[in-house]
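Q: I am new to this structure and would like a close look at a single part, the sheet. Please take me through how its strands are arranged and paired.

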Amino acid sequence: MAMGTLQDLGLNSLEAQVYLATLQCSEPMTAYRISQVVGKPAANVYAAVANLESLGAITIQEGAARLCIPVEVNEFIAQVQRNVASKADKARAALAGIQVKQEPESVSQMSNPSAVLERASLMLSRAKVFLVIDVFPQPLKELFDDIVQAANRGVTVWVQAYEPIRIPGIDVVVAYDSERVMQFWKSQQLNLVADAKESLLALFSNGLAEVRHATWSNALYLSCIMHAGLVREHTFHRIMSRQGKTGFPTWLNRILQAEPFFHTVKLPGQQKLFEGNRHE
């Protein structure tokens, strides 16, 4: 477990072994001694030690023998975070002037949980008119701030949640019989459509450690239909949650009269779809 985690931070297999050996030893060791502990050729361990020093994972105590002293784990991880952030800032500056070409319509499968959540965050950040979101509690927690920021920009945001939650400036409906729904799925869902231009359908394991299915698409017609479907489902659950309550017929009529349709709301995806049709 520790080996894999260190390799995720950018160390190769031998460097991870060497760093762990220095952490677990009760006293500083020479590179030669480390090679004996890990059972690897001394020349390879010397190279690993040099790289670990450059990465800030160990320091070298000079003297009669050059002793390898491990940098405390939290300090090393903090250095990794700073380095990654610095590289990201440099890359952002270097690529800022590149114009993005028009992407062809596509449907893509995604399998990495972090990548799926990052794509959802990006969709939320570039929405201009209307977001409709069907989201279970764990993905909602991850994306909460992005959703609020979208509403603060003036985007209309409809959220179908699965436990009572208040999100300022956002139309939230709690799905009817939501507890039973979550027990049935035994997973975490995130279904999102932005401006009827792009859609994301994702099913995670509980805890969000695994993606069981995730599809993203910028296909306009598909996104338009997904938008319409999620909006109708939002309205359906709102109606189901109020059935049998006082004033239901009057309330129902008001909801249905305010229901957004393509011919009453200008959605970028739908407009772009029509513009493409007019050129044919």
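A: What follows is a walk through the sheet, with a short look at the surface afterwards.

This is a predicted model, in which local features need pLDDT of at least 70 and side-chain atom pairs count only at pLDDT 80 or more, while totals for chains, interfaces and linings use all residues. Residues are numbered from 1 along each chain as its sequence is written, and side-chain values use heavy atoms, with hydrogens and water left out.

The sheet is an open one of 3 strands, arranged in the order S1-S3-S2 with antiparallel pairing; strands are DSSP runs (E, at least two residues) and helices likewise (H or I, at least four), numbered from the N terminus, and two strands pair if DSSP finds at least two bridges between them. Strand S1 (29–30) and strand S2 (58–61) stand at the edges with a single partner strand each, so one side of each has no neighbour in the sheet. In general, strands of a sheet pair through backbone hydrogen bonds, either parallel or antiparallel.

Taking the S1 side, this strand and strand S3 (residues 67–70) are joined in the antiparallel sense over 2 bridges, and methionine 29 has cysteine 68 in S3 as its bridge partner. On the S2 side, S2 and S3 pair in the antiparallel sense over 4 bridges, and here threonine 59 stands opposite isoleucine 69 of S3. S2 and S3 also form a hairpin, with 5 residues between them. The two faces of S2 can be told apart, since Ile58 and Ile60 belong to a covered face, whereas Thr59 and Gln61 belong to an uncovered one.

Turning to the surface, Leu9, Leu23, Val73 and Ile77 form a nonpolar patch with about 250 Å² of accessible area together. Such patches are made of residues with over 30% relative accessible area and no salt bridge (a side-chain nitrogen of Lys or Arg within 4 Å of a carboxyl oxygen of Asp or Glu), nonpolar side chains (Val, Leu, Ile, Met, Phe, Trp, Tyr) being joined within 5 Å and like charges within 9 Å; accessible areas come from the Shrake-Rupley method with a 1.4 Å probe, and for residues only the protein chains shown count as cover. Leucine 9, in the loop between helix H1 (2–8) and helix H2 (13–24), counts as partly exposed because its relative accessibility is 32%, where buried means under 20%, exposed over 50% and partly exposed in between.

Conventions: Buried < 20%, exposed > 50% of the residue type's maximum accessible area, 1.4 Å probe, protein only.
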